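Student: Could we go through a structure together? I would like to learn how each label is earned.

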Amino acid sequence: MATYIVTRVTKEFSADGTHRHLEGVVTDADVHYTRKEVVDSIWAGNVWKTQADGYEAVIEPIPYCPQGICLATPYLRTNPDSPEKDNLENLDSA
């Protein structure tokens, strides 16, 4: 089992253009992974965490983007209600 530290994210517009959502993540080793690669790795037993500005959170897979009608799948989340960098959506862009 390996542990991956995510420090930045990449975002893209949703298929309908109404919002931007996570396309992937970038680790502290400066390697880009797509959402699917991260989810597959988690299911294989690896641990993925965010780490930035003194905040840390474990990344969990969820079926779809949390924006109401968006069907982007699979998706990732950490602490969705936090305004801090323990929320995956609040990490700096790569």
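Tutor: Gladly, and let us start with Tyr4. This is a predicted model, and in it Tyr4 has a relative accessible area of 25%.

Student: Why is Tyr4 called partly exposed?

Tutor: Buried needs a value under 20% and exposed a value over 50%. Tyr4 has 25%, so it falls in between and is partly exposed. Tyr33, at 22%, is partly exposed too.

Student: And what makes Trp48 buried?

Tutor: Its relative accessible area is 1%. The limit for buried is under 20%, so Trp48 qualifies.

Student: How do you know that the rings of Tyr4 and Tyr33 are an edge-to-face pair?

Tutor: Take two steps. The ring centres are 5.9 Å apart, and a pair needs them within 6.5 Å, so Tyr4 and Tyr33 do pair. The planes stand at 70°, and over 60 degrees counts as edge-to-face, so that is the label. Tyr4 sits in strand E1 and Tyr33 in strand E3, so the pair ties together parts that are 29 residues apart in sequence.

Student: Why is the pair of Tyr4 and Trp48 called stacked instead?

Tutor: Here the centres lie 4.3 Å apart, with 15° between the planes. Stacked requires under 30 degrees, so this pair fits. It links distant parts of the chain, with Tyr4 in strand E1 and Trp48 in strand E4, 44 residues apart. Ring pairs join Tyr4, Tyr33 and Trp48 into a cluster.

Student: What makes E1 and E4 a parallel pair of strands?

Tutor: Two strands pair if there are at least two bridges between them. E1 (residues 3-13) and E4 (residues 47-52) have four bridges in the parallel sense, so they pass. One example is Ile5, whose bridge partner in E4 is Lys49.

Student: Which strands join E1 by seven bridges and by two bridges?

Tutor: Strand E2 (residues 20-27) has the seven bridges, and it runs antiparallel to E1. Strand E8 (residues 92-93) has two bridges to E1 and runs parallel. At least two are needed, so E8 just meets the rule. In E8, Asp92 is the bridge partner of Arg8.

Student: What lies between E1 and E2 in their hairpin?

Tutor: Six residues, and Gly17 in the turn has a positive phi of about 75°. Phe13 in E1 stands opposite Arg20 in E2.

Student: How do you know that Arg20 lies over the face of Phe13?

Tutor: Arg20 is 5.3 Å from the ring centre. The distance limit is within 6 Å, so that part of the test is met. The direction must also be within 35 degrees of the ring normal.

Student: Why is there no disulfide between Cys65 and Cys70?

Tutor: Their sulfur atoms are 3.8 Å apart. A disulfide needs them within 2.5 Å, so this pair fails the test. The count of disulfides is zero. Both cysteines are buried, Cys65 at 6% and Cys70 at 9%.

Student: Which residues touch the most other members of the largest nonpolar core?

Tutor: Of its 18 residues, they are Val6, Val25, Trp48, Ile59, Leu76 and Leu88. Helix H1 (35-43) gives the most to this core, with three residues. Leu76 has contacts that include Leu22, Val25, Val38, Ile59 and Leu88.

Technical notes. Residues are numbered from 1 along each chain as its sequence is written. This is a predicted model: local features need pLDDT of at least 70, side-chain atom pairs count only at pLDDT 80 or more; totals for chains, interfaces and linings use all residues. Side-chain values use heavy atoms; hydrogens and water are left out. Buried means under 20% relative accessible area, exposed over 50%, partly exposed in between (1.4 Å probe, protein chains only). Rings of Phe, Tyr and Trp (its six-membered ring) pair if their centres lie within 6.5 Å; planes under 30 degrees apart count as stacked, over 60 as edge-to-face and the rest as tilted. A nonpolar core is a set of buried Ala, Val, Leu, Ile, Met, Phe, Trp, Tyr and Cys residues joined through side-chain atoms within 4.5 Å. Contact means heavy atoms within 4.5 Å. Lists of a residue's contacts leave out its neighbours within four places in sequence.
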